[in-house]
Amino acid sequence: MSFVLAPGSSRIKRVFRPKNGAQSGSKGVQLKQHIDSTLGQGDLREAVRLPVGEDLNEWLAVHTVDFFNNVNILYTTLMEDCTPDTCSIMSAGPKYGYRWADGVKIKIPITVSAPMYVEYLMDWIEAQLDDGAIFPQHFEAPFPPNFRDVVKTILKRLFRVYAHIYHSHFKAIMNLGEVKHLNTCFKHFTFFTQEFQLIDRAELAPLSELIETIMHGRQIRQRL
């Protein structure tokens, strides 16, 4: 992951680098094209369903990369608003706080600011995506036996960024004119994780009301 100093600022800013969602080979490309075409039709429920005859792990892999890119882009637009001063801890409202651990470099969870949490998270996810033993780079290469668990952990942590954005930065999202984009990205994320039961209900509590609204097809309110 590359970094650059923003003009007139001492803060280090992440330069967004999208990850390729398709494995080498025609099948990964076809799956990505299928996702894009169904999303273009506006039918998010249909877009997340596993196409007949396709491999579930491949479907999980392509979506995981897309969700990583979506959250990365959204958060990057908020980096002037989300700082160590404004967000000294990673939280989703007063009831929910998150500490960071990756199980390797940081084994005991530590309390960090929201921007530091997201920085750790994006670097950690990118390392998983770049690891060919976890996310195969060639079509015929096998997925690891614990691949679903890896995906669940990634998506659980990406959900925390959505929860932080909705609870702490929704006003900034409105000012940037990104409400529709945020809601669409989160709806796609929600339908997918619900379809394959990838995030435990307890983890979803910070946005439970919003998720209930999405799953019942009601109009999302302009604020939580």
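Contact means heavy atoms within 4.5 Å. The exercises below concern a predicted model.

**Exercise 1.** Determine whether alanine 114 is buried or exposed, and which residues it touches beyond four places in sequence.

*Solution.* Begin with the location: alanine 114 belongs to helix 4. Next, consider its accessibility. The relative accessible area of alanine 114 is 0%; because buried means under 20%, this residue is buried. Then list the partners: with residues up to four places away left out, alanine 114 touches Tyr75, Cys82, Cys87, Ile89, Met90 and His164. Finally, compare positions along the chain: tyrosine 98 is 16 residues from alanine 114, and their C-alpha atoms are separated by 8.9 Å.

**Exercise 2.** Describe the largest nonpolar core and state which helix supplies the largest share of it.

*Solution.* The core has 62 residues. Those with the most contacts inside it are Leu155, Leu158, Phe159, Phe186, Phe189 and Phe192. At least two residues of this core come from each of helices 2, 3, 4, 5, 6, 7 and 8. Helix 5 gives the largest share, 12 residues. As for leucine 155, its contacts outside four places in sequence are Thr64, Phe67, Phe189, Phe192, Thr193, Leu198 and Ile199.

**Exercise 3.** Locate isoleucine 110 and identify the surface patch that includes this residue.

*Solution.* Isoleucine 110 sits in the loop joining strand 4 (97-98) to helix 4 (114-130). With a relative accessible area of 30%, isoleucine 110 is partly exposed. Together with Met116 and Tyr120, Ile110 forms a nonpolar surface patch whose accessible area totals about 210 Å².

Note on methods
Residues numbered from 1 in each chain as written. Predicted model: local features only at pLDDT ≥ 70, side-chain atom pairs only at ≥ 80, totals over all residues. Heavy atoms only, no water. Patch = residues over 30% accessible without salt bridge, like charges linked within 9 Å, V, L, I, M, F, W, Y side chains within 5 Å. Areas by Shrake-Rupley, 256 points an atom, 1.4 Å probe, with all protein chains shown as cover. Salt bridge = Lys/Arg side-chain N within 4 Å of Asp/Glu carboxyl O. Helix = DSSP H or I, 4+ residues; strand = E, 2+ residues; numbered from the N terminus. Buried < 20%, exposed > 50% of the residue type's maximum accessible area, 1.4 Å probe, protein only. Core = buried A, V, L, I, M, F, W, Y, C linked by side-chain atoms within 4.5 Å.
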